[in-house]
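Okay, thanks everyone, I'll keep this short. Have a look at this one with me.

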Amino acid sequence: MPTIPVTQRGADLLKSELQRLKTKDRPAVINAIAEARAQGDLSENADYDAAKERQGFIEGRIAEIESKLAMAQVIDPAATNGGGRVVFGATVELEDERSGAAVTYQIVGEDEADLKQGLINISSPIARALIGKEEGDVAEVQAPGGVKRYEIVAVRYQ
């Protein structure tokens, strides 16, 4: 069974979402279904159809999260010794060779990625280009506008 790398923050987010789905969303949709049933004829009841659809989404998401948590390999970036190389969980400071713009990203799991917060998915093109490189190396990333070259300014494990 393959493992899914995730930071502790990512695992906590998944656990929090699972808790909310099980304790709030699931009971609410069960009540909505019961109320829709009480209205009578289910064949033309849009409330019932919407509630059943929502229930299917919630149950599917619960199963998905439980599966991800079962396969999760929680990695603490602060305890990682990448030897100066970019690895999962590392925070990387980059400089665009063309524009000189500086950006900082942390490489995280799929469910915790948020570009606005500087969290990039391990399987994103830029993360794949960075993995294994070290400070001073140049990473080439195939972007929609062409190839972008980033110099790795610093690698931190925090």
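I'll go through the overall build and then stop at one serine.

So, first off, this is a predicted model. What have we got in terms of elements? The protein has 3 helices and 7 strands. Read from the N terminus, the order is β-α-α-β-β-β-β-α-β-β. Now, the radius of gyration comes out at 22 Å, and the globule rule would give 15 Å for 158 residues, so the protein is more spread out than a compact globule. If you want dimensions, the C-alpha trace spans about 70 × 35 × 25 Å along the principal axes.

What about burial and contacts? Of the 158 residues, 34% are buried. And if you take the contacts with a separation of 6 or more, 55% of them are between residues 24 or more positions apart.

Moving to the surface: the accessible area is about 9,300 Å², and carbon and sulfur atoms hold 50% of that. On charge, there are 19 positive and 26 negative ones, and their mean positions sit 2 Å apart.

Okay, now the serine. Where is serine 124? You'll find serine 124 in the loop between strand E5, residues 119-121, and helix H3, residues 125-130. Is serine 124 buried or exposed? Its relative accessibility is 16%, and the cut-off for buried is under 20%, so serine 124 counts as buried. And what does its side chain reach? That would be the backbone oxygen of asparagine 121, at 2.8 Å.

That's my bit, happy to scroll around the model if anyone wants.

Terms used:
Residues are numbered from 1 along each chain as its sequence is written. This is a predicted model: local features need pLDDT of at least 70, side-chain atom pairs count only at pLDDT 80 or more; totals for chains, interfaces and linings use all residues. Side-chain values use heavy atoms; hydrogens and water are left out. Helices (H or I, at least four residues) and strands (E, at least two) are DSSP runs, numbered from the N terminus. Buried means under 20% relative accessible area, exposed over 50%, partly exposed in between (1.4 Å probe, protein chains only). A polar contact is a pair of N or O atoms within 3.5 Å; within protein, one must be able to donate a hydrogen and the other to accept it, and residues adjacent in sequence count only if both atoms are side-chain atoms. The radius of gyration is taken over C-alpha atoms; the globule rule is 2.2 Å times the number of residues to the power 0.38. Contact means heavy atoms within 4.5 Å. Accessible areas come from the Shrake-Rupley method with a 1.4 Å probe; for residues, only the protein chains shown count as cover. Lys and Arg count as positive and Asp and Glu as negative; His and the chain ends are not counted. The place of a charge is taken as NZ of Lys, CZ of Arg, CG of Asp or CD of Glu.
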